[in-house]
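Me: I have a structure open and want to go through it with you. Can you keep the answers short?
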Amino acid sequence: MGEEGTEGTVHLLCLAASSGVPLFCRSSRGGAPARQQLPFSVIGSLNGVHMFGQNLEVQLSSAKTEDTTVVWKSFHDSITLIVLSSEEGTSELRLERLLQMVFGAMVLLVGLEELTNIRNVERLKKELRASYRLIDSFLGDSELIGDLTQCVDCVVPPEGSLLQEALSGFAEAAGTAFVSLVVSGRVVAATESWWRLGMPEAVLLPWLVGSLPPQAARDYPVYLPHGSPTLLERWWQPLLDPLRACLPLGSRALPAGFPLHTDILGLLLLHLELKRCLFTVEPSGDQEPSSEQRRRLFRSFYTLVTATHFPPEAGQPEEKAEEVVHRAQVPRACYLVSGAEEPGTGWRLVALQLGPRRLLLLLSAQSPTHGLRGLATHTLHALTPLL
């Protein structure tokens, strides 16, 4: 199943739980879509062993071979999702959350009723094609990280209060409580009701907008000749410059000129109660490692600290009662150093949690190990007013 090298392959299978009929299969290699498909015999075996366990009242959730990790998950006793990954450093946590996002995407674009009450398999296969682009974006090398953190990717605009005021006024005038302003899949501003959307809707909606190509058909706002001929101009014409200033924020997330230590190569700030996050690998884009490598390092480190050191995020299904009781014993900071045997080489990764905020930093090799916690604490205090 596996592949040699760091560019592993990910296969995602979706089957009807009762019959085992495959509904679709999506694959990626090295973060890019791949046409390589699993043989039907392998698909049948993977589903068969899962069904065999269920018949014996044994829940098979994951397995590992020498080079491949497999995770199974059933939804509403109707849909079975299976993911196989030979990517280096893949964790069960990452794959479990991937399957949750995939099923959420299916519900978002097809509807829960169609998935839990399958009347016509062939028709469902055709309807599910509408979700392929969004699902493939989860398998690829995305600049977003909300699929893993289950927090909404956000940016901090330079004139946020003006945009928030205009957005709230526009939502009231349009007669809707759910409005958000999105740039490159990241939320710039949103109404209070939008922020109250649960998981995974709050993550899926901006991710869907960010995955659409410029040529995609979509709904456009219209001017009603009698009812509201000037609605959009009233709210957004005075704010064209602040809106344009949001465009370059996609990959940077932070306002231009925000002071960060020169050793910081990237950061991920999570607000675990608000379920929002700021993520950027652009503070020093001209240094090694590349942006793609930095994103992979963050995903791997986030998975490590979440699964091993820090407690699960509030409200996560994997959080057990005994884990809540023993939270006082959980560390609040940890770090990882690569290339320690050669001074001045490699990178440093540090994670710090204070209250509802968790900060992960990627630092250059010049950053001294003894100063990691102090730098992380100072950076978290500086970022706290933003999120």
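Me: Which residue forms a salt bridge with Asp141?
Reply: Arg295 does. The closest N and O atoms are 3.6 Å apart. Keep in mind that this is a predicted model.

Me: Where do the two partners, Asp141 and Arg295, sit in the chain?
Reply: Asp141 is in the loop between α5 and α6 (146-149). Arg295 is in helix α13, residues 291-309. The pair links distant parts of the chain, 154 residues apart.

Me: Is Asp141 buried or exposed? And Arg295, buried or exposed?
Reply: Asp141 is partly exposed, at 31% relative accessible area. Arg295 is buried, at 7%.

Me: What does Ser142 touch, leaving aside its neighbours within four places in sequence?
Reply: Ser142 is in contact with Ser137, Trp207 and Arg295. Ser142 lies in the loop between α5 and α6. Its relative accessible area is 16%, so it counts as buried.

Me: How many salt bridges does the structure hold?
Reply: It holds 10. One of them joins the side chains of Arg299 and Asp147, at 2.7 Å, N to O.

Me: Which helices does the pair of Arg299 and Asp147 tie together?
Reply: Arg299 lies in helix α13 and Asp147 in helix α6, so the salt bridge ties together parts that are 152 residues apart in sequence. Both residues are buried.

Me: Which residues make up the network with Arg299?
Reply: Arg94, Asp147 and Arg299. Salt bridges that share partners join them into one network.

Me: What about Asp136, which side chain does it meet in a salt bridge?
Reply: That of Arg26, at 2.6 Å, N to O. Asp136 is in helix α5 (residues 132-139), and Arg26 is in strand β2 (residues 22-29). They are 110 residues apart, so to speak of distant parts of the chain is fair.

Me: Back to α5. How many of its residues are buried?
Reply: Seven of the eight, so α5 is largely enclosed by the rest of the structure. The buried residues are Tyr132, Leu134, Ile135, Asp136, Ser137, Phe138 and Leu139.

Me: What do the buried residues of α5 pack against?
Reply: Two strands, β1 (9-16) and β2, and the helices α2, α4 (121-128), α6 and α9.

Me: Switching to the largest nonpolar core. Which members touch the most others?
Reply: Phe24, Leu81, Val102, Met106 and Phe138, out of 56 residues. Helix α2 (residues 92-110) gives the most to this core, with nine residues.

Me: What does Phe24 touch, not counting residues up to four places away in sequence?
Reply: Leu12, Leu13, Cys14, Val102, Met106, Leu128, Tyr132 and Ile135.

Me: Which residues does the second core include?
Reply: Among them are Cys151, Leu268, Leu349 and Leu360. That core is separate and has 20 residues.

Me: Cysteines next. How many disulfides does the count come to?
Reply: Zero.

Me: Cys14 and Cys25, are they buried or exposed?
Reply: Cys14 is buried, with a relative accessible area of 0%. Cys25 also counts as buried, at 16%.

Me: Now the backbone. Which peptide bond is cis, with omega near 5 degrees?
Reply: The one from Met199 to Pro200. Pro200 is found in the loop between α8 (192-195) and α9 (201-211).

Me: Why flag that kind of thing at all?
Reply: Most peptide bonds are trans, and most residues other than glycine have a negative phi.

Me: OK, what is the phi of His76?
Reply: Near 55 degrees, a positive value in a residue other than glycine. His76 is in the loop between β5 (69-75) and β6 (79-85).

Me: And what is the phi of Asp77?
Reply: Positive, about 55 degrees, although Asp77 is not a glycine. Asp77 is in the loop between β5 and β6. It is exposed, with a relative accessible area of 71%.

Me: Last one, the surface. Which residues make the nonpolar patch of about 320 Å²?
Reply: Phe52, Leu56 and Val58. Val58 lies in the loop between α1 (40-55) and β4 (62-64). Its relative accessible area is 48%, so Val58 is partly exposed.

Key:
Residues numbered from 1 in each chain as written. Predicted model: local features only at pLDDT ≥ 70, side-chain atom pairs only at ≥ 80, totals over all residues. Heavy atoms only, no water. Disulfide = S-S within 2.5 Å. Buried < 20%, exposed > 50% of the residue type's maximum accessible area, 1.4 Å probe, protein only. Patch = residues over 30% accessible without salt bridge, like charges linked within 9 Å, V, L, I, M, F, W, Y side chains within 5 Å. Areas by Shrake-Rupley, 256 points an atom, 1.4 Å probe, with all protein chains shown as cover. Salt bridge = Lys/Arg side-chain N within 4 Å of Asp/Glu carboxyl O. Helix = DSSP H or I, 4+ residues; strand = E, 2+ residues; numbered from the N terminus. Core = buried A, V, L, I, M, F, W, Y, C linked by side-chain atoms within 4.5 Å. Contact = heavy atoms within 4.5 Å.
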